[in-house]
Each structure stands twice: as structure tokens, then as C-alpha cells.
Amino acid sequence: MANFKYIKIVSLFSSLFLTTSMAIGGDDNTPPDVLNACSQCHQHTGNAAIPGWPPLNTMTKQQIVSKLKGHREQIVPDSMMSKVTFELTNQQIEDIAEYYSAQEDISQQPIRVISPEQ
């Protein structure tokens with residue numbers, strides 16, 4: 001059973017690595033293609049998909065750049081992020097940080113409830 005779990009993890013990271021090598025998006029406010037790897041855990045909005053993981057849309061561009069480069073350089077030992085960031089170029093990191101720092105933090109906004117009568 002442990003081998004199956006390992007195979008699933010390797011498969012996940014393999015698909016993430018393939019998406020990190022894709023081209024960066026244009027200037028039309030579309031997410032860079034490299035965000036496909038990021039959005040698995042941080043969504044395209046920057047809100048954490050998993051409780052306890054950092055919401056990227058609450059960070060500044062420089063904070064995101066610093067964290068991504070730190071993970072890529074393995075300053076945080078045995079980090080899952082270092083496995084995702086190891087192939088990122090400086091330009092890709094800048095593009096990711098630019099995109100996520102510009103996203104609105106919607107995590108604290110109230111949920112709008114629509115009644116059946118509306």
C-alpha cells in the first residue's frame with residue numbers, strides 16, 4: 001500500500017513539473033501557464049485550497065518571490081515546495097508573484113446566500 005501512495009505522489013509531482021516548464025501567459029491578465037502547478041494547492045485566486053496553507057493573494061510580490069526562491073534553493077529543508085519550484089526560472093517566479101500579489105483576497109468576504117424565492 002505504501003508503494004501505491006509513493007507512485008501517486010510521484011505521478012502528481014511529475015505532472016506539476018511538466019506544467020512548470022510551460023510558457024508564461026500574456027499581458028491580458030490571464031494567469032501564466034506555469035500557475036497550473038501552483039493552482040493545485042493555491043488555486044488561481046491565490047486562496048489556499050488546503051486549510052493551513054498560505055494564501056498567496058495576501059502577500060506582496062516581493063514576499064512571494066522571496067518564498068519561492070527560498071524553496072527553490074532548498075533553504076527550507078525537505079519542503080514540498082522545493083520539489084515544485086526547482087525548475088522555475090527567475091522570470092517565472094517574478095511572473096507568478098506578479099499575478100498572485102495582484103489577486104483580490106476573497107477569503108474573508110461574506111458568502112452571499114440566495115433564497116429560493118429570488
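Reader: Hi! Before I start on the helices, what does "buried" mean?
Author: Hi! Buried means under 20% relative accessible area, and exposed means over 50%. Keep in mind as we go that this is a predicted model.

Reader: Good to know. How many helices and strands are there in the protein?
Author: The protein has five helices and zero strands. Going along the sequence, you read the pattern α-α-α-α-α.

Reader: And what share of the residues counts as buried?
Author: That share is 30% of the protein's 118 residues.

Reader: Which residues of helix 5 are buried?
Author: In helix 5, the buried ones are Gln92, Ile93, Asp95, Ile96, Ala97, Tyr99 and Tyr100.

Reader: What span should helix 5 have, and how far apart are its end C-alpha atoms?
Author: Helix 5 covers residues 90–101, which is twelve residues, so at 1.5 Å a residue it should span 16 Å. Its end C-alpha atoms are 16 Å apart, and that agrees.

Reader: Hmm, twelve times 1.5 isn't 16. Which number of residues goes into the expected span?
Author: Fair catch! The expected span uses one less than the number of residues, times 1.5 Å.

Reader: Got it. Now the tyrosines: how many aromatic pairs are there?
Author: The count comes to one aromatic pair. Its members are Tyr99 and Tyr100, with ring centres 5.5 Å apart and planes at 70° to each other.

Reader: Why is that pair called edge-to-face?
Author: Because planes over 60 degrees apart count as edge-to-face, and the planes of Tyr99 and Tyr100 are at 70°. Both Tyr99 and Tyr100 are buried, too.

Reader: Do tell me about helix 2. Which of its residues are buried?
Author: Helix 2 runs over residues 35–42, and its buried residues are Leu35, Ala37, Cys38, Ser39 and His42.

Reader: At what angle do helix 2 and helix 5 pack?
Author: They pack at about 45°, and their axes are 11 Å apart. That angle makes helix 2 oblique to helix 5. On the helix 2 side, Leu35, Cys38, Ser39 and His42 make the contact, and on the helix 5 side it is Ile96, Tyr99 and Tyr100. So the two tyrosines of the aromatic pair take part in this contact as well.

Reader: Is the crossing of helix 2 and helix 5 left-handed or right-handed?
Author: Helix 2 passes helix 5 in a right-handed crossing.

Reader: Let's move to helix 3. Which helices do its buried residues pack against?
Author: They pack against helix 4 and helix 5. The buried residues of helix 3 are Ile64, Val65, Leu68, Gly70, His71 and Arg72.

Reader: How does helix 3 pack with helix 5, in angle and axis distance?
Author: The angle is about 140°, with the axes 8 Å apart. This makes helix 3 oblique to helix 5. Helix 3 contributes Lys61, Ile64, Val65, Leu68, Lys69 and Arg72 to the contact, while the helix 5 residues in it include Ile93, Ala97 and Tyr100. Helix 3 passes helix 5 in a right-handed crossing.

Reader: 140° looks big to me. Why oblique and not roughly antiparallel?
Author: Because only angles over 145 degrees count as roughly antiparallel, and this one is about 140°.

Reader: Okay! What about helix 4, where Thr85 is: is Thr85 buried or exposed?
Author: Thr85 sits in helix 4, residues 80–85. Thr85 counts as buried, because its relative accessibility is 1%.

Reader: What does Thr85 touch?
Author: Leaving out residues up to four places away in sequence, Thr85 touches Leu68, His71 and Arg72. Leu68, His71 and Arg72 are also among the buried residues of helix 3.

Reader: Last topic, the loops. What sign of phi do Gln43 and Gln74 have?
Author: Gln43 has a positive phi of about 55° although it is not a glycine. Gln74 is not a glycine either, and has a positive phi of about 60°. Most residues other than glycine have a negative phi.

Reader: And where are they found?
Author: Gln43 is in the loop between helix 2 and helix 3, just after helix 2. Gln74 is in the loop between helix 3 and helix 4, just after helix 3.

Reader: How exposed is each of them?
Author: Gln43 is partly exposed, with a relative accessible area of 33%. Gln74 counts as exposed, at 54% relative accessibility.

Note on methods. Residues numbered from 1 in each chain as written. Predicted model: local features only at pLDDT ≥ 70, side-chain atom pairs only at ≥ 80, totals over all residues. Heavy atoms only, no water. Phe/Tyr/Trp six-rings, centres within 6.5 Å; stacked < 30°, edge-to-face > 60°. Buried < 20%, exposed > 50% of the residue type's maximum accessible area, 1.4 Å probe, protein only. Helix = DSSP H or I, 4+ residues; strand = E, 2+ residues; numbered from the N terminus. Contact = heavy atoms within 4.5 Å. Axes fitted to C-alpha atoms, helices over the stretch in contact; angles between N-to-C directions. Parallel < 35°, antiparallel > 145°, perpendicular 65-115°, else oblique. Left-handed = near helix turned anticlockwise from the far one by under 90°.
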